[in-house]
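Visitor: Please take one part of this structure and go through it closely. I would like to know how that part is built, and then how it sits among its surroundings.

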Amino acid sequence: MTAARSPCKFKELGGLLSFPDRALIYPERLVDRLKTFAHFELAGMLYEKEPKEARRLYSLAAEQGHANAQFNLANMLDLGEGGAKDQKEARRLYSLAAEQGHANAQFNLANMLDLGEGGAK
């Protein structure tokens, strides 16, 4: 049985695919968003078998503002998966994802703040 993958969402691609004329006007934006989406999806596929590479790919997508990538990378950093544990950076990434409305990031950030993890309370 193959693993299920999330369907491509127009929102994540900035709606560019739902309006082909926009994609033609802004090809660089479309390519950038597709790369970000591809990094995120590939990281999810590699997460269990190659966590170090998954962490690198999540980092690329997180740098582009992908909230789910920020959350997943924060989890990896918080737990020390795929590399060294870094709660300060995890807290920063949870904060970035939380600002975009990511509910799980908001929850994890609140817990870190409450416990004083990754910085002062």
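Helix 4 and its surroundings

Guide: Helix 4 covers residues 67-79, which makes 13 residues, and spans 18 Å from its first C-alpha to its last, close to the 18 Å expected at 1.5 Å a residue. The model is a predicted one. Just after helix 4 comes Gly 80, which has a positive phi, near 75°.

Helix 4 is mostly covered, with 10 of its 13 residues buried. At its start, the buried residues include Ala 67, Ala 69, Gln 70 and Phe 71. Further along, Asn 72, Leu 73, Ala 74, Met 76, Leu 77 and Asp 78 are also buried. For the chain as a whole, 32% of the 121 residues count as buried.

The setting is helical: the chain has six helices and zero strands. Of the contacts in the chain with a separation of 6 or more, 39% are between residues 24 or more positions apart.

Next, the core. The largest nonpolar core has 23 residues, and those that touch the most other members are Tyr 58, Ala 69, Leu 73, Ala 90, Leu 93, Tyr 94 and Ala 105. At least two residues of this core come from each of helix 2 (27-46), helix 3 (51-63), helix 4, helix 5 (87-99) and helix 6 (103-115). Helix 4 gives the largest share, seven residues.

One link from helix 4 can be followed ring by ring. A search of the whole structure finds two aromatic pairs. One of them joins Phe 40 and Tyr 58; the pair is tilted, at 5.8 Å centre to centre and 50° between the planes. Phe 40 belongs to helix 2 and Tyr 58 to helix 3, 18 residues apart, and the pair links distant parts of the chain. Phe 40 counts as buried because its relative accessibility is 12%, under the 20% limit. Tyr 58 is buried too, with a relative accessible area of 4%.

The other pair involves helix 4 itself. The ring centres of Phe 71 and Tyr 94 are 5.9 Å apart and the planes stand at 50°, so this pair is tilted. Because Phe 71 lies in helix 4 and Tyr 94 in helix 5, the pair ties together parts that are 23 residues apart in sequence. Both rings belong to buried residues: Phe 71 has a relative accessible area of 11%, and Tyr 94 has a relative accessibility of 0%.

The contacts of Tyr 94 go beyond its ring partner. Leaving out residues up to four places away in sequence, Tyr 94 touches Phe 71, Ala 74, Asn 75, Asp 78, Ala 105, Asn 108, Leu 109 and Met 112. Of these, Phe 71, Ala 74 and Asp 78 are among the buried residues of helix 4.

A further neighbour of helix 4 is His 102, placed in the loop between helix 5 and helix 6. His 102 counts as buried because its relative accessibility is 13%. With residues up to four places away in sequence not counted, His 102 touches Ala 67, Asn 68, Phe 71 and Ala 97. Phe 71 is thus in contact with His 102 and also paired with Tyr 94.

To close with the outer surface, the chain exposes about 7700 Å², of which carbon and sulfur atoms supply 55%.

Definitions and conventions. Residues are numbered from 1 along each chain as its sequence is written. This is a predicted model: local features need pLDDT of at least 70, side-chain atom pairs count only at pLDDT 80 or more; totals for chains, interfaces and linings use all residues. Side-chain values use heavy atoms; hydrogens and water are left out. Helices (H or I, at least four residues) and strands (E, at least two) are DSSP runs, numbered from the N terminus. The expected span of a helix is 1.5 Å times one less than its number of residues. Buried means under 20% relative accessible area, exposed over 50%, partly exposed in between (1.4 Å probe, protein chains only). Contact means heavy atoms within 4.5 Å. Accessible areas come from the Shrake-Rupley method with a 1.4 Å probe; for residues, only the protein chains shown count as cover. A nonpolar core is a set of buried Ala, Val, Leu, Ile, Met, Phe, Trp, Tyr and Cys residues joined through side-chain atoms within 4.5 Å. Rings of Phe, Tyr and Trp (its six-membered ring) pair if their centres lie within 6.5 Å; planes under 30 degrees apart count as stacked, over 60 as edge-to-face and the rest as tilted.
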